[in-house]
Amino acid sequence: MHIPDGFVSIPVAAVTYVASGGSLAYAVRRTNEELGDKQVPLMGVMGAFIFAAQMLNFPVAGGTSGHLIGAALATILLGPWAGMLIMASVLVVQALIFQDGGLIALGANVFNMGVVACLVSHYAFTWFKRLLGEGPQGTGISGFVAAWASVVTAAIACSLELAISGTSALAVALPAMTLVHILIGIGEGLITVAVLAFLTATRRDLLELRPG
Amino acid sequence: MKQKWWIAGLLIALAVTLISPWASAWPDGLERVAEDKGFIEKAQEAPYQLIPDYVFPGVSNEAVATILAGIVGTLVVFGLAYGLGALLKRREAT
C-alpha cells in the first residue's frame with residue numbers, strides 16, 4: 001500500500017507529514033519511558049523481519065498481490081509506540097533506498113501503515129484479549145483480528161487521502177481499496193498468528209516484554 | 001548466552017529474503033486499484049534511484065540481485081531500529 005509520489009496532493013502530504021511527525025515525537029517520548037534493555041534488540045529484529053517479510057508478496061485474487069505490513073506484529077510484541085518507530089524505520093528505508101513509496105508521500109505512508117495501523121492494532125488486540133482472556137487461543141484470535149483490522153483501516157485512510165487529493169473519487173477508491181485489503185488483511189492475520197505461535201513455542205518470554 | 005537470541009532472530013529475517021525472488025510479481029492492492037480505476041499514470045518517478053524495485057543494480061542474475069537488495073535493506077533497518085531502541089531505552093540502574 002506504499003503510495004508513490006503524484007497520488008497525494010501537496011496539502012495532503014503536508015498534513016500527513018505533520019500528523020506523522022507529531023505522532024512519532026510522542027512515540028519517542030513514550031518509548032523513552034517504557035523501553036527496557038531487553039527490548040532494544042527486539043526492536044532491531046522486528047524491523048529486520050518486517051522489512052524482509054514485506055518483500056514477500058502473496059497472491060490474493062486475480063492478478064493482485066499483497067504483503068505483510070507488520071504493524072500488528074510489532075505492536076503486539078513491543079506496544080504501539082515502539083511499534084510506530086519500527087514501522088517508520090522500515091518505511092523511511094524503503095522510500096530512501098528502495099524507491100518504494102514516494103518521498104513527498106512518505107508522511108502519508110507513515111501515517112497509514114505506522115500511526116493508524118499501530119494504534120488500531122493496539123486497541124483491537126487489547127479489547128479482544130480482554131474479551132477472550134489470556135492464553136494462546138485468546139492471543140491468536142486477538143492477533144488475527146488486530147492484524148486484519150490494521151490493514152483494512154490503513155487502506156481506508158489511504159483512500160481518504162487519495163480522495164481529498166483529487167486522485168480518485170471516494171465513492172470509487174474507498175470500496176475498491178477496502179475490498180482488496182479485506183483479502184490482504186487475511187494474509188496479514190495468518191502471518192501474524194503464525195509468528196506469534198512460533199514465538200509461543202520457542203521464546204515465550206519475548207511475548208511478555210510488551211510495555212504497559 | 002541469553003543475549004544471543006537476537007542473532008537467531010536476525011538470521012531468520014535474512015533467511016526470509018532468500019525466498020523473496022519467488023514472491024508474487026502481481027501488483028499490490030493499491031497498484032491494482034490505481035490500474036483499474038485509471039489513476040496509475042499519476043504516479044511519478046522517484047527523483048533518484050538507488051535500489052529500485054528491490055533489485056540490486058549491476059547484478060545480472062535477478063534472483064541474486066533481489067536477495068542482495070533484501071539483505072542490504074534488512075541489515076539497514078535492523079541497524080536503524082536497534083539504534084533507535086538503544087538511544088531511547090529508559091536508563092536503568094545496572
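Let's start with one helix of this predicted model: in α1(B), the buried residues are G9(B), L10(B), A13(B), V16(B) and T17(B). They sit on the same side of α1(B), because they cover an arc of only 115° around the axis. From that helix we can move on to the contact between the chains, the nonpolar core, chain A as a whole and a few loop residues.

**Helix α1 of chain B**

- This helix takes in residues 5–17 of chain B, 13 residues in total.
- From first C-alpha to last, α1(B) reaches 19 Å, close to the 18 Å expected at 1.5 Å a residue.
- Why can residues that are apart in a sequence share one side of a helix? An α-helix has 3.6 residues a turn, so residues three or four places apart point the same way.
- What do the buried residues of α1(B) pack against? Their partners are α2 of chain A together with α3 (62–88) of chain B.
- Turned away from that buried side is a face with the exposed residues I7(B), A8(B), L11(B) and A15(B).

**Where the two chains meet**

- Chain A gives 57 residues to the contact, and chain B gives 47 residues.
- Several elements of chain A each supply at least two residues to the side that touches chain B, among them α1 (10–34), β1 (58–61), β2 (64–66) and α6 (170–202).
- Which element of chain A brings the largest share of that side? The answer is α2(A), with 13 residues.
- Sorted by character, the residues on this side of chain A are 34 nonpolar, 18 polar and five charged.

**The largest nonpolar core**

- This core has 93 residues, and those touching the most other members are M43(A), M46(A), I86(A), M87(A) and A154(A).
- The largest share of the core, 19 residues, comes from α3(A).
- M43(A) makes a good example to look up in the structure: leaving aside neighbours within four places in sequence, its contacts in chain A are L78(A), A82(A) and I86(A).
- M43(A) also reaches across to chain B, where its contacts are A81(B), Y82(B), L84(B) and G85(B).

**Chain A as a whole**

- Chain A is built from six helices and two strands, and from the N terminus on they run α-α-β-β-α-α-α-α.
- The radius of gyration of chain A is 16 Å, close to the 17 Å from the globule rule for 212 residues, so the chain is as compact as a globular protein of that length.
- Its C-alpha trace spans about 45 × 40 × 30 Å along the principal axes.
- Of the 212 residues in chain A, 60% are buried.
- Look at contacts in chain A between residues at least 6 apart in sequence: 75% of them join residues at least 24 apart.

**Loop residues to look up**

- Q99(A) lies in the loop between α3 and α4 (106–132) of chain A, and its phi is near 50°, a positive value in a residue other than glycine.
- Is Q99(A) buried or exposed? Q99(A) is buried, because 22 other C-beta atoms lie within 10 Å.
- D53(B), in the loop between α2 and α3 of chain B, has a positive phi of about 60° although it is not a glycine.
- With 12 C-beta neighbours inside 10 Å, D53(B) counts as exposed.
- W22(B) is in the loop between α1 and α2 (29–36) of chain B, and W22(B) counts as exposed because it has 11 C-beta neighbours inside 10 Å.
- From C-alpha to C-alpha, W22(B) and V72(B) are 18 Å apart in space, with their positions 50 residues apart in sequence.

Notes: Residues are numbered from 1 along each chain as its sequence is written. Chains are lettered from A and ligands numbered from 1 in the order in which they are written. This is a predicted model: local features need pLDDT of at least 70, side-chain atom pairs count only at pLDDT 80 or more; totals for chains, interfaces and linings use all residues. Two residues are in contact if their C-beta atoms, placed from the backbone, lie within 7 Å. Helices (H or I, at least four residues) and strands (E, at least two) are DSSP runs, numbered from the N terminus. Ala, Val, Leu, Ile, Met, Phe, Trp, Tyr, Cys and Pro count as nonpolar, Asp, Glu, Lys and Arg as charged, and the others, Gly among them, as polar. The expected span of a helix is 1.5 Å times one less than its number of residues. A residue is buried if 20 or more other C-beta atoms lie within 10 Å of its own, exposed if 12 or fewer, and partly exposed in between; C-beta atoms are placed from the backbone. The arc is that of the directions from the helix axis to the C-beta atoms. A nonpolar core is a set of buried Ala, Val, Leu, Ile, Met, Phe, Trp, Tyr and Cys residues joined through C-beta atoms within 7 Å. The radius of gyration is taken over C-alpha atoms; the globule rule is 2.2 Å times the number of residues to the power 0.38.
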